[in-house]
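Colleague: Got a minute to walk me through this one? I'd like to start with the strands.

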Amino acid sequence: QVQLVESGGGLVQAGGSLRLSCAASGSISSISVATWYRQAPGKQRELVASITSGDTTNYADSVKGRFTISGDKAKNTVYLQMNSLKPEDTAVYYCNAFIFIGTFQYSYWGQGTQVTVSS
C-alpha cells in the first residue's frame, strides 16, 4: 500500500525558513509529478509548487523567489524549502503525487502538515 507522509511543518516567525518533506512509501515504480498545495482557513486549496520526474518545476506567483521544490528519486521524497516566510503563508500544506505502480498511475495525498508564520 502506498502512503505519502509529510513532515517539517511548525511555527516560525516572519522572515524565517522551514523545509517540508513528502516521503512516498510502498511498492512504487516512480513518481511522475509531485505537487505541494496549501489551504488556509476559510480559503480554497491552492497550488504552491510542482515538480515533474524530469525536474521541471512550477510555482505560484506568490511564492516565486522564496520557495524551492526539489526531489530525491532514490528516496522517493519531495521537498519544499520555504524561505522569507510571511504570515500569509500560514496554512495546512498538502503533498500530492502521481505515482506509477507497475504501468498504472495513481494519485495520492498526504495527511497535511501545519505551517504557522507569526508576525
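Modeller: Sure. There's an open sheet of four antiparallel strands, in the order β1-β3-β8-β7. Strands here are DSSP E runs of at least two residues, numbered from the N terminus, and two of them pair if DSSP finds at least two bridges between them. Keep in mind that this is a predicted model: local features need pLDDT of at least 70, side-chain atom pairs count only at pLDDT 80 or more, and totals for chains, interfaces and linings use all residues. Residues are numbered from 1 along each chain as its sequence is written, and side-chain values use heavy atoms, with hydrogens and water left out.

Colleague: Which strands stand at the edges?

Modeller: β1 (3-7) and β7; each has a single partner strand, so one side of each lacks a neighbour in the sheet.

Colleague: And how many bridges join β7 to β8?

Modeller: Six, with the two strands running antiparallel. G71 sits opposite V78 of β8.

Colleague: Switching topic: how much space lies in the largest pocket?

Modeller: About 210 Å³. A pocket is an open set of points on a 1 Å grid over the protein atoms alone, where a 1.4 Å probe fits, with protein on both sides within 12 Å along at least five of seven lines; lining residues have an atom within 4 Å of a point.

Colleague: Which residues are closest to its centre?

Modeller: Of the 16 lining residues, I31, T52, S53, K73 and V78.

Colleague: Which element gives the largest share of the lining?

Modeller: β4, with five residues.

Conventions: Grid points are joined across faces, edges and corners, and a volume is the space filled by probe spheres set on the points.
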